[in-house]
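User: Could you take a close look at the helical part of this chain and tell me what sits on its surface?

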Amino acid sequence: MEIAIIVAVFGVAALFVLFFLARRLLRLAVRLLLAGVLIIILIAGGLFWWWSGASVSSGQSGNRPATPARRNSNSR
């Protein structure tokens, strides 16, 4: 009878330890998942920025020649 009580107490204690560890591992997995998603979003954004050609400075307009500014001849 005493052995059954001791086994039951150790079983309950082992369950509490198991649930505690499972909760901690779940929190760690969620944090790693969020960090991985953030890294994937940053890499995808960088690749899209590179692919769309946004790295070219805004002062350059491709092959179009710059048009000179015109004076308004109707000024009075």
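Analyst: Here is a walk along the helix and its two surface patches. First, a heads-up: this is a predicted model, where local features need pLDDT of at least 70, side-chain atom pairs count only at pLDDT 80 or more, and totals for chains, interfaces and linings use all residues. Residues are numbered from 1 along each chain as its sequence is written, and side-chain values use heavy atoms, with hydrogens and water left out.

The chain has 1 helix and 0 strands (DSSP runs: H or I of at least four residues for helices, E of at least two for strands, numbered from the N terminus). That helix, α1, covers residues 2-52. Its 51 residues reach 74 Å from first C-alpha to last, close to the 75 Å expected at 1.5 Å a residue (1.5 Å times one less than the number of residues). Right after α1 comes G53, with a positive phi near 80 degrees.

Now the patches, built from residues with over 30% relative accessible area and no salt bridge, joining like charges within 9 Å and nonpolar side chains within 5 Å. A salt bridge here is a Lys or Arg side-chain nitrogen within 4 Å of an Asp or Glu carboxyl oxygen. R23, R24, R27 and R31 gather into a positive patch on the surface. R27 counts as partly exposed because its relative accessibility is 47% (buried is under 20%, exposed over 50%, partly exposed in between, with a 1.4 Å probe and protein chains only).

The other patch is nonpolar: I39, I43, L47, F48, W49, W50 and W51 together have about 920 Å² of accessible area (Shrake-Rupley method, 1.4 Å probe). L47 lies in α1 and is exposed, at 51%.

Note on methods
Lys and Arg count as positive and Asp and Glu as negative; His and the chain ends are not counted. The place of a charge is taken as NZ of Lys, CZ of Arg, CG of Asp or CD of Glu.
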